[in-house]
Amino acid sequence: GKPCTIALLLKDAVDSLSSSVCKLSSRKTVDLIRRVYIFRQLSDHHCLLLANSARAITRLQGDVMTREGELASQFFMILSGDLIETQKGRTVRTLSKFDYFGEQGLLHDKV
């Protein structure tokens, strides 16, 4: 199958919002962050802080992103391709470009 490219945002990025250090980042990454409901009210400065922490990763069909029951501390946004979410071995939904998951774990250390 076709590879799926995903933007990864670690919990450390959210913790960095109180930091005064900010590297400039591309407008495209900030625009992607603004698409996420929980980040929509952030200032440009805070979006840049998050953008500086985001990394693009590529996973192949069948690769596991997270495991059910693990503590969630990462946020993912699909940049290209499709990602199939399963629970107990059953397909729950298919995520596509600009869909995201992991926001609750990122903010609240949830399983």
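Two residues are said to be in contact when heavy atoms of theirs lie within 4.5 Å. In this predicted model, residues 24 or more positions apart account for 66% of the contacts with a separation of 6 or more. The protein has 111 residues, and buried ones make up 31% of them. Four helices and six strands are present, and along the sequence they follow the pattern β-α-α-α-β-β-β-β-β-α.

A good place to begin is a pair of helices. Two packed helices are described by the angle between their axes and the distance between the axes. For helix H2 (residues 27–34) and helix H3 (residues 44–53), the axes come within 9 Å and cross at roughly 105 degrees. Angles of 65 to 115 degrees count as roughly perpendicular, so H2 is roughly perpendicular to H3. On the H2 side, the contact is made by Arg27, Thr29, Val30, Ile33 and Arg34, while H3 contributes Asp44, Cys47, Leu48, Leu50 and Ala51. By character, the residues of this contact divide into six nonpolar, one polar and three charged.

Two of the residues in that contact also form a salt bridge. Arg34 pairs with Asp44, and their closest N and O atoms are 2.6 Å apart. This pair links distant parts of the chain, since Arg34 sits in helix H2 and Asp44 in helix H3, ten residues apart. Are these partners buried, exposed or in between? Arg34 is partly exposed, with a relative accessible area of 26%, and Asp44 also counts as partly exposed, at 44%.

The structure holds two salt bridges. Besides the Arg34 and Asp44 pair, the side chains of Glu85 and Arg93 meet in a salt bridge with an N to O distance of 2.4 Å. Glu85 counts as partly exposed at 23% relative accessibility, and Arg93 is partly exposed with a relative accessible area of 37%.

Attention can now turn to the interior. Which residues touch the most other members of the largest nonpolar core? Of its 15 residues, these are Leu9, Ile33, Phe39, Leu50, Phe75 and Met77. Strand S1 (4–10), H2, H3 and strand S3 (74–80) each supply at least two residues of this core, and the largest share, four residues, comes from H3. Ile33 and Leu50 thus appear twice in the picture: they belong to this core and to the contact of H2 with H3. Apart from the largest core lies another one of eight residues, among them Cys4, Phe76, Leu83 and Phe101.

The loops offer some details of their own. Lys88 is found in the loop between strand S4 (83–87) and strand S5 (90–95). Its phi is near 55 degrees, a positive value in a residue other than glycine. Lys88 is exposed, with a relative accessible area of 75%. Phe98, in the loop between S5 and strand S6 (100–101), likewise has a positive phi, of about 75 degrees, although it is not a glycine. Phe98 is partly exposed, with a relative accessible area of 27%.

A last example comes from the loop between strand S2 (55–59) and S3, where Thr66 lies. Thr66 is partly exposed, with a relative accessible area of 42%. How far apart in space are Thr66 and Gly102, C-alpha to C-alpha? The two are 36 residues apart in sequence and 9.4 Å apart in space.

Terms used
Residues numbered from 1 in each chain as written. Predicted model: local features only at pLDDT ≥ 70, side-chain atom pairs only at ≥ 80, totals over all residues. Heavy atoms only, no water. Axes fitted to C-alpha atoms, helices over the stretch in contact; angles between N-to-C directions. Parallel < 35°, antiparallel > 145°, perpendicular 65-115°, else oblique. Nonpolar A, V, L, I, M, F, W, Y, C, P; charged D, E, K, R; others polar. Core = buried A, V, L, I, M, F, W, Y, C linked by side-chain atoms within 4.5 Å. Buried < 20%, exposed > 50% of the residue type's maximum accessible area, 1.4 Å probe, protein only. Salt bridge = Lys/Arg side-chain N within 4 Å of Asp/Glu carboxyl O.
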